[in-house]
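Reader: I'm just starting out with protein structures, and I'd like a close look at one part. Could you walk me through the surroundings of the ligand, and then whatever packs beside them?

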Amino acid sequence: MLGDIAAIRAFSLLLWLSAPWVAWSASIVIYRLFFHPLSQILGPKLAVATLLYQTWYCFFGGGRFYAKIEELHRRYGDSRFPSLVHLSDSNNFDKIHHVGTPFTKDPAFYGAFGNPNSSFTTASNELHLLRRGGMNAFFSRKTVLQLEDIVHEKTELLLSRVQAALEAGTEVDMHHGLRAVSVDVVTDYAFGDCYDLLKQEDLGIKFFTLMHKIGPAAWIFRQWYWLKPVAMAIPGPVVKLISEPIGQVRDMQEHCRRQVLEVRTKHENGLDKDDARPTNFSALVDPEKSFSKELVDNLEDEAYLIITAAADTTGNAMTTITRYVVENPDIYRKLHAELCDAFPDRDADLEYVALERLPYLTIVIKEGLRLAFSVPGRLPRIVPKDGVTFNGHTLPQGTVVSMSSWILQQDEHYFPEPKTFDPGRWADPKEAQRFERAFIPFGKGSRACAGMNLAYCELYVVIGTMFRRFPNLAGNRLTAEDLVYEDYFSAYNPLKARKFHVMLAPTSEKE
Ligand code: HEM
């Protein structure tokens, strides 16, 4: 009896103590539903009332918020979650994403990544300009062309495994193999210290699995932002016991720190003078090149970002293109024929500049990038001073406004039957120009992808060389569930999904 009374008292006390919090939360919900300056923009009541709606689909729902938004656009048009707005009209993208834009990156979204001082995560456009300047120089088309041999070397490593598999009647895991090309290229290109995933028996599966597993953490840090500094403050050995992926992030950050330090020490002691090939980072630490302090002092963050930004994006695009080509015999035949005409020698190194001139290869790559959705989700920006109006909806200063490649690149106004892989839709130059408004695989404007030139070089060299060399590849059978995306900024197929493999087509002669 006495125990019951104590329990009732404790419960009443808890109610009294939580009453202010409940009242505060209820008033916020009422404000968001009825009095918020964005109440003209509709959305499901729960989505408008709490950010947990977004967190549910992003984290617990397996990274599928990007697809939920598509559903909401069909019902509501522009949609709201509670002070974030997702725009449905593709024509608005260029108004936000252009050179010199006053829209800044959303610090709550980008701050959840683990590298606060990189150009990618910088919110302010002014600071970003100082950081990005040096990066532009090292990912320029000119530098990419100078370092193209790295791309050829890694392409050969993968394609020699394909050749061996065709001869042995086995298969190659291209999902991981093409991602390994991308990581090996960028680590060699940037630091001269290649991760050599292509030389591993399993093509780096462990590396990519951990990269995938770290993805969901960012969605948690966006909802409960105070958790990130707590997680980052836990000592390295302890964090590894709690979470292997967060442990891997720490290891990678530490590795990047060591790499940058090594490059600096080598440069200060004049030991990089005789290097056969200068790397990006050896140039960035050169004081004579006078890159901004804001960039040079934070190269560790930049290094980490470059590896993560390059890994699954380019790898996913190359995998998607390869899969669509082998699944479509007419497209495969036409592509192979164009490549044979242009390059009679099957085993030659196919130069990027020559590949770029091939019209059919070019539209295959365009259409593949459209359907790859390597960064499928929203790219949130903050509305600048004085607010802005989109299609009659006025968004006040400070509103977070987003759009995504998942929505734009399936906009039927530009791409009828959007789920069909149809390179021919790009054949008419006038139409192709019109499509550019809704074609945003690399973003646009001052915050567009810094690695775009390198990514295009990889896409042309890998896809061109592979389909010149092999007229007889087939893919394994994958289901829609294997191919669905989880959005952890880059797109990931579910961990349990079967991954894309290639093998000799059943009716072919051995190469
Ligand atoms: C097909 C391959 C790729 C795709 C689709 C892609 C896509 C993107 C997109 C959409 C953004 C803009 C993100 C935003 O607005 O928040 C971006 C930014 C960035 N990407 Fe890529 N990317 C690819 C390959 C690469 C590669 C190979 C590298 C590095 C070598 C790279 C480095 C970066 C960097 C540094 C940024 C930040 C730019 C900034 O904010 O100044 N990306 N990428």
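Author: Here is a walk from the ligand outwards, ending with a helix next door. One thing to keep in mind: this is a predicted model.

Let's start at the ligand. It has 23 residues around it, and the closest are Ala310, Thr313, Gly443, Cys449 and Gly451. Two elements give two or more residues to this shell: α17, covering 299-327, and α23, covering 452-469. The top contributor is α17, with 7 residues. What sort of residues are they overall? The shell splits into 15 nonpolar, 6 polar and 2 charged.

Now zoom in on Cys449. It carries the label "binding site" in UniProt, though that comes from an unreviewed entry. You'll find Cys449 in the loop that runs between α22 (429-435) and α23. Is Cys449 buried, exposed or partly exposed? It has 19 other C-beta atoms within 10 Å, and buried takes 20 or more, so Cys449 counts as partly exposed. If you skip the neighbours within four places in sequence, Cys449 is in contact with Phe442 and Gly443. Gly443 is also among the residues closest to the ligand.

Next, helix α18, residues 329-342. Its 14 residues reach 20 Å from first C-alpha to last, close to the 20 Å expected at 1.5 Å a residue. Which residues of α18 are buried? They are Ile331, Tyr332, Leu335 and Leu339. Looking down the axis of α18, you'd see these buried residues fall within an arc of 100°, so they line one face of the helix. The spacing makes sense once you know that an α-helix has 3.6 residues a turn, so residues three or four places apart point the same way. Over on the other side of α18, Pro329, Asp330, Arg333, Ala337 and Asp341 are exposed. And what do the buried residues of α18 pack against? Their partners are α17, α20 (359-372) and α23. That brings us back to the ligand, since α17 and α23 are the elements that give two or more residues to its shell.

One last stop is Ser405, in helix α21, residues 405-408. Ser405 is buried, because 26 other C-beta atoms lie within 10 Å. Not counting residues up to four places away in sequence, Ser405 touches Phe373, Val375, Pro376, Ile440 and Pro441. Ser405 and Ala438 are 33 residues apart in sequence, yet their C-alpha atoms are 8.0 Å apart in space.

Notes
Residues are numbered from 1 along each chain as its sequence is written. This is a predicted model: local features need pLDDT of at least 70, side-chain atom pairs count only at pLDDT 80 or more; totals for chains, interfaces and linings use all residues. A residue is near a molecule or strand if its C-beta atom, placed from the backbone, lies within 6 Å of it. Helices (H or I, at least four residues) and strands (E, at least two) are DSSP runs, numbered from the N terminus. Ala, Val, Leu, Ile, Met, Phe, Trp, Tyr, Cys and Pro count as nonpolar, Asp, Glu, Lys and Arg as charged, and the others, Gly among them, as polar. UniProt positions are given in the numbering used here, feature names are shortened, and annotations may be inferred rather than shown by experiment. A residue is buried if 20 or more other C-beta atoms lie within 10 Å of its own, exposed if 12 or fewer, and partly exposed in between; C-beta atoms are placed from the backbone. Two residues are in contact if their C-beta atoms, placed from the backbone, lie within 7 Å. The expected span of a helix is 1.5 Å times one less than its number of residues. The arc is that of the directions from the helix axis to the C-beta atoms.
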